[in-house]
Amino acid sequence: MSDGDVPDEPRSPPASQSDAGLKKLSPYWYPYTTMAKERWLGREILEIVSTEFRDRSMEYYRYALESGVTTINGKVAKPDTVVKNGDRIENPPVTSTPVKIVLHNKERQFLVVDKPGSIPVHASGRYYRHSLVEILRNEFGFPKIYTINRLDRLTSGLMIVPLNADLARSLSGEFVNGLIRKEYIARCKGEFPAEEMVCEEPLLTVDRQMGLNIVHPEGKPAKTIFNRLHYDSVTNTSVLHCRPMTGRSHQIRVHLQYLGYPIANDPVYSEERIWGTNFGKGGVDVIPCDHRAAPAPPAHLLSDNSPEALNLKPSHDTNSPLLLTSEEENDTRAKLLPRETGHDIGMGSPVLLSSEAVEIITRLRNMKDEDEDWSRWRDVVFRAKGSLAPKDIPRAPLPPQNKRKKGGPSLPQTPMPEDISLAPQLTQAEALARLSQMEAPSPAVDAATGTLYCSECYLPLHPDPKPEKLYIFLHALRYTTSLGCFETDIPEWAAEGWKWDQA
């Protein structure tokens, strides 16, 4: 270790509310800005939003757009606004295990971080302040960080984070050229063979909304080497040492599933409700099929007033549970949106999907809806409210497009409010002391239905998940790079004799 290496003791970020192993923040708005992606060009923004995201109902997305909270090139966008090349789109609207800085090399300007499972690396979807990038910036006080590799949200473990652009470019090249040795620890179902196993099946992303990947002949080359460390007969699980030789999305998770030993608590690739009793062993059928069906809610939520179906009504036909509201509307409306007909399944796939793949994605989506108490099908509180009115957001005019620096902010930087400015890093004892003095904001209640909802964006709230449901048994243990070899502690779930409470 050089003089520039400063091994930090584990530190907790500044206090936010912690409740039963969960870290919480009060509801807040933030401006989300993006450039138009190629797959969005020539499409109406309501169609784009409703096929890229599924957390809210179709009617809510239309309501939010009509409220004027989304702009394109600084002008308010309406549901039928068509997105064009070069458009800039702006939209205002975890476990309590802390992020740990394992090493801060001040001389060579990089961090070695132990990321907990449950938080994403970058802000996305419903995660903004609870993302690794924002935690390092706002809670640990590093103004400039460069992420060069990414762990899945559910995956814990080691990340190397450069603090300057030159080092970031150099390390990125090492990752791209396969010069970095990556080692992971996983706990899988079943008794994994004692001998080394190698999986070299190609991988393909077939659904962007769910982030689903499968083994497919049209996929990208991938290779993973597995060695068993020990087997636990009590839980019928094995702890493995995994060496991914390539860096495909969900590579270890999908390769283990293909071999018949999925990660034991993986909510996607180890779920019988999605894959059936063989859990996807050996892959899925790849013969193309163009059949799709409109999404349907559970029977107790099927009604004439569903917020998820803009132009559909219930039908007694079980094969097609939703129909157009009338023949007259069929004549006047140019088209149904893909999400209303089920054709959003496969829109992001580079290949035509098989009927088995379509059924798997459908079951995965339904399971997610059920786990969230079917909130998008009960998304009706906003009907009794006024337009959305985001507040306390620093705003400034958009800069001329030719003055926006590549890779730089799309909005001029404005001072943050004093209450969320950077603060000195707290010790774990100081953070815990503050927690006892904090109170969570109470959710609002819909008097008509008794539904709890967020008073800011009217999102129906569902019960808190158990902390152990927010991560999987997959941990980035060790990276060997030109900077040296770095590793984290072995997670507790990988120890021999560890007791797994599956209640």
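This is a guided tour of a predicted protein model, arranged as a series of selections to make in the viewer.

**The whole chain**

Begin with the entire protein shown as a cartoon. Its secondary structure consists of ten helices and 22 strands. The chain has 503 residues, of which 47% are buried. With the surface displayed, the exposed area is about 25800 Å², and carbon and sulfur atoms supply 50% of that area.

**A nonpolar patch on the surface**

Keep the surface on and select Val-445, Leu-452 and Leu-461. Together these residues make a nonpolar surface patch of about 240 Å². Val-445 belongs to strand S19, which covers residues 444–445.

**The nonpolar cores**

Hide the surface and turn to the interior. In soluble globular proteins, nonpolar side chains tend to be buried together. The largest nonpolar core of this model contains 56 residues, and Leu-136, Phe-226 and Tyr-479 have the most contacts inside it. A second core, separate from this one, has 27 residues, including Trp-40, Ala-64, Cys-454 and Tyr-458.

Centre the view on Leu-136 next. Which residues does Leu-136 contact, leaving aside its neighbours within four places in sequence? The contacts are Val-99, Leu-111, Val-113, Gly-141, Phe-142, Ile-145 and Val-161.

**Helix H2**

Select residues 58–66, which form helix H2; seven of its nine residues are buried, and the helix is mostly covered. The buried residues are Met-58, Glu-59, Tyr-60, Tyr-61, Tyr-63, Ala-64 and Leu-65. Ala-64 has already appeared on this tour as a member of the second core. To see what covers the buried residues of H2, display helix H1 (45–52) and helix H8, which are among the covering elements. Just after H2, select Gly-68, which takes a positive phi of about 85°.

**Arg-253 and its partners**

Select Arg-253, located in helix H5 (residues 251–259). Is Arg-253 buried or exposed? Arg-253 has a relative accessible area of 3% and is therefore buried. Beyond residues up to four places away in sequence, Arg-253 touches Asp-152, Leu-154, Ile-263, Asp-266, Val-268, Tyr-269, Ile-472 and Leu-474.

Two of these residues deserve a separate selection. With Asp-266, the side chain of Arg-253 makes a side-chain polar contact of 2.7 Å. Arg-253 and Asp-266 lie 13 residues apart in sequence, and their C-alpha atoms are 8.0 Å apart. With Asp-152, the side chain of Arg-253 meets in a salt bridge of 3.5 Å, N to O. This pair links distant parts of the chain, 101 residues apart: Asp-152 sits in the loop between helix H3 (132–138) and strand S10 (156–162), and Arg-253 in helix H5. Asp-152 counts as partly exposed, at 23% relative accessibility.

**Further salt bridges**

Side chains of opposite charge can pair when their charged atoms come close. A search of the whole structure finds 20 salt bridges, and the following selections show some of them.

Select Glu-308 and Arg-339, whose side chains meet in a salt bridge at 2.7 Å, N to O. Glu-308 is in the loop between helix H6 (272–275) and strand S17 (312–314), and Arg-339 is in helix H8 (residues 338–341), so the pair ties together parts 31 residues apart in sequence. Glu-308 is buried at 3% relative accessibility, and Arg-339 is buried with a relative accessible area of 2%.

Move on to Arg-365 and Asp-344, which form a salt bridge with the closest N and O atoms 2.8 Å apart. Arg-365 lies in helix H9 (residues 355–371) and Asp-344 in the loop between H8 and H9, so this pair ties together parts that are 21 residues apart in sequence. Arg-365 counts as buried at 6% relative accessibility, and Asp-344 is buried with a relative accessible area of 6%.

To end this group, select Arg-181, Glu-183, Arg-478 and Glu-487, which are linked in a network of salt bridges.

**Last stop: Lys-106**

Finally, select Lys-106, in the loop between strand S8 (100–105) and strand S9 (110–115). Lys-106 is exposed, with a relative accessible area of 54%. Add Leu-163 to the selection: the two residues are 57 apart in sequence, while their C-alpha atoms are 9.2 Å apart in space.

Terms used: Residues are numbered from 1 along each chain as its sequence is written. This is a predicted model: local features need pLDDT of at least 70, side-chain atom pairs count only at pLDDT 80 or more; totals for chains, interfaces and linings use all residues. Side-chain values use heavy atoms; hydrogens and water are left out. Helices (H or I, at least four residues) and strands (E, at least two) are DSSP runs, numbered from the N terminus. Buried means under 20% relative accessible area, exposed over 50%, partly exposed in between (1.4 Å probe, protein chains only). Accessible areas come from the Shrake-Rupley method with a 1.4 Å probe; for residues, only the protein chains shown count as cover. Patches are made of residues with over 30% relative accessible area and no salt bridge: like charges are joined within 9 Å, nonpolar side chains (Val, Leu, Ile, Met, Phe, Trp, Tyr) within 5 Å. A salt bridge is a side-chain nitrogen of Lys or Arg within 4 Å of a carboxyl oxygen of Asp or Glu. Contact means heavy atoms within 4.5 Å. A polar contact is a pair of N or O atoms within 3.5 Å; within protein, one must be able to donate a hydrogen and the other to accept it, and residues adjacent in sequence count only if both atoms are side-chain atoms. A nonpolar core is a set of buried Ala, Val, Leu, Ile, Met, Phe, Trp, Tyr and Cys residues joined through side-chain atoms within 4.5 Å.
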